Amino acid sequence: MTTTSTVAARRASGLVVLCALLAVAAFLSIAQGSRSIDLSEVLRALGSLGGDGTINSTVTVELRVPRTLLGILVGAALGVAGAILQGVTRNPLADAGIMGINSGAAASVVFAITVLGIHGVEFYVWFAFAGAIGATVLVYSIASMGREGATPVKLALAGAAVTAGFGSLTSAIVMTDIDALNELRFWQVGSLAGRYAPILIGVAPFLLAGLAVSLGCGRALNGLALGEDLARGLGQRVALTRAAAFGVVALLAGAATAACGPIVFIGLVVPHLARFLCGPDYRWILPYSMLLAPIVLLLADVLGRVAGAPGELQVGVVLAVLCAPVFVGIVRYARLAEVGP
Amino acid sequence: MHERAASSSRHIPRLNGSALISFGIKPVGIYTDEPVKTDPNLKDLDLTGITVLGEEWGKIDVEKAASLAPDLIVGDWWPAEKAYSGLEEGVDEKSKKLKELAPIVGISQGESIVDLAEGYENLAKSLGAKVDDPKVAANKQRFEAAVTAFKTATAAKPGLTAAAMAPSDENLSIANPKYAPELLDFQRWGLKVINPERPDPSFPYWETISWENADKYQPDLILWDSRVFTPTVNAEYGKKQPTWFKVKAAKAGAAVSWPGYWLHTYGDFAVELEKLTTAISAADENVGN
């Protein structure tokens with residue numbers, strides 16, 4: 001028979017193990033890639049930071065380190081955003097994608113390319129971010145209309161409607177502008193390639209703030225997971241909780257999508273893995289997701305870089321290939337519908 | 001490897017019979033790969049009375065084309081894709097219905113721009129155009145002089161190597177001369193254009209490498225895809241891609257616009273060759289490896 005404290009101890013030691021795994025994944029992401037660099041050179045480059053001017057040290061310090069840090073932050077953000085969304089909407093299939101975030105970001109990027117004539121991933125970031133935030137606000141406002149507020153069903157419907165709306169807008173523009181299509185096509189796969197220190201520094205404050213706030217959401221999500229009436233009965237201010245949770249998601253998924261394009265499956269699959277490992281308590285699901293997601297993202301990215309050498313496979317492609325069967329497995333064997341405790 | 005094809009396809013414009021316009025043949029319509037205003041093939045040509053059927057790769061207004069009732073459609077043949085311009089893989093299915101309107105002819109983007117220039121001249125003649133215009137002869141003469149100058153310049157620098165490149169945000173593409181007739185011409189005329197080791201299997205116009213491997217090829221002179229070349233682009237990439245200046249020629253600023261995949265006439269080729277000859281004469285053959 002296990003007591004509450006031994007369960008907590010087991011969950012906490014799980015977190016420690018995940019931290020160690022994340023460190024291993026981060027190390028792999030810096031040591032491995034489409035260029036093969038001797039481990040001793042990698043370590044020397046890391047030790048001397050700033051590098052010694054050789055391409056191996058430039059690749060290590062200026063390409064792989066920011067890429068890895070971005071992968072950790074973006075992965076964590078997507079994992080946590082997915083967990084929060086699944087909790088708030090009580091929808092086991094919720095992720096940033098179905099809340100309109102990707103489509104809003106894409107529409108905004110296309111707008112930047114075609115109407116404003118802006119090109120280059122370093123500029124897309126801010127348009128994508130604005131689009132993602134805009135879409136989230138729009139979804140939430142539409143779902144909030146009416147007396148009962150933003151219920152899970154209305155959120156899902158509003159998300160689908162906004163996604164379809166932005167999607168057709170994007171297609172309409174892209175149909176008439178092949179250059180926009182080509183640039184969008186690349187952006188839309190989701191990739192960590194070509195993102196260096198400026199983008200990392202640009203989005204890191206938003207991601208860090210969002211992650212910090214998200215860790216405080218566990219209790220509120222546990223309440224919401226019981227159902228609206230019960231949560232209200234327990235004294236929770238449901239509407240306020242939901243709005244706050246959505247704000248955090250907009251920040252996290254918006255900044256992540258802005259930096260790397262829409263990365264699929266992480267936000268959808270990782271919370272289920274977390275739930276499988278630590279049980280239904282959101283106070284644990286959130287930190288578990290926060291660690292599991294970057295592990296998955298970094299490993300998928302390393303795989304794409306090593307398998308694709310001397311080019312690279314985009315992480316979005318690798319994830320789609322890897323995660324689809326995992327997701328099918330979850331659907332088949334786990335009791336997916338039981339999102340609540 | 002579809003994503004590589006996607007990433008590179010923008011580098012391949014198609015031109016559709018506009019070479020004939022320079023011989024005085026006025027088509028009823030044209031379709032191009034980029035806005036008519038910026039298409040280098042159409043520069044200085046009189047387009048009045050010609051209906052524009054499409055201004056981007058992969059999109060042709062077939063309904064409009066049908067209303068013009070063409071007798072013949074002219075488009076380059078692309079041996080790597082085994083298709084005429086406008087009918088390649090990736091083109092809109094609706095646009096491909098073009099082929100039902102009339103027979104298609106065109107010269108192959110094969111071994112040499114000279115074949116393209118001669119081919120379109122012969123095609124123009126067979127369609128009844130006057131090819132003995134003194135301007136045509138003058139262009140040919142200018143071209144021959146340009147080739148001689150080019151050969152002299154490359155002979156003076158036997159060690160000079162060049163690579164045709166197209167850098168982008170996510171990766172670096174090195175053109176495969178095998179499918180770029182003008183690069184084959186340059187090789188024929190003494191410029192050592194590097195042949196990439198492993199062209200992308202699905203889209204062999206290029207070898208795509210990651211930015212981590214940017215230093216894989218070290219030419220003395222970079223031939224930069226003209227569709228994305230600007231006088232400041234090298235410096236911009238040096239600033240935003242940490243490894244770009246590990247290509248020594250890039251660091252030395254040895255980059256020149258390369259007329260990739262668009263040349264069809266002696267006149268245009270002559271102008272481009274003259275520019276390249278100047279760049280070759282100014283280049284340092286000890287920059288790269």
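Hi everyone, this is a short tour of one strand in chain B and some aromatic rings.

A word on the basis: this is a predicted model, where local features need pLDDT of at least 70 and side-chain atom pairs count only at pLDDT 80 or more, while totals for chains, interfaces and linings use all residues. Residues are numbered from 1 along each chain as its sequence is written, chains are lettered from A and ligands numbered from 1 in the order written, and side-chain values use heavy atoms, without hydrogens or water.

Let's start with strand E11 of chain B, residues 221-225; strands here are DSSP runs of at least two residues and helices (H or I) of at least four, numbered from the N terminus. Five of its five residues are buried, meaning under 20% relative accessible area with a 1.4 Å probe, protein chains only.

Which strands pair with E11(B)? Pairing takes at least two DSSP bridges. E7(B), residues 161-167, runs parallel to E11(B) over four bridges, with B:Ala164 partnering B:Leu223. E12(B), residues 255-258, is also parallel, again through four bridges, and there B:Asp225 stands opposite B:Trp258.

That tryptophan brings us to the rings. Phe, Tyr and Trp rings (six-membered for Trp) pair when their centres lie within 6.5 Å; under 30 degrees between planes is stacked, over 60 edge-to-face, the rest tilted. Over all chains there are 23 such pairs. B:Trp206 and B:Trp258 meet edge-to-face, at 6.0 Å and 70 degrees. B:Trp206 lies in E10(B) and B:Trp258 in E12(B), so this pair ties together parts 52 residues apart in sequence. Both belong to one aromatic cluster, whose members include B:Trp78 and B:Tyr261. Thanks for listening!

How values were computed. Buried < 20%, exposed > 50% of the residue type's maximum accessible area, 1.4 Å probe, protein only.
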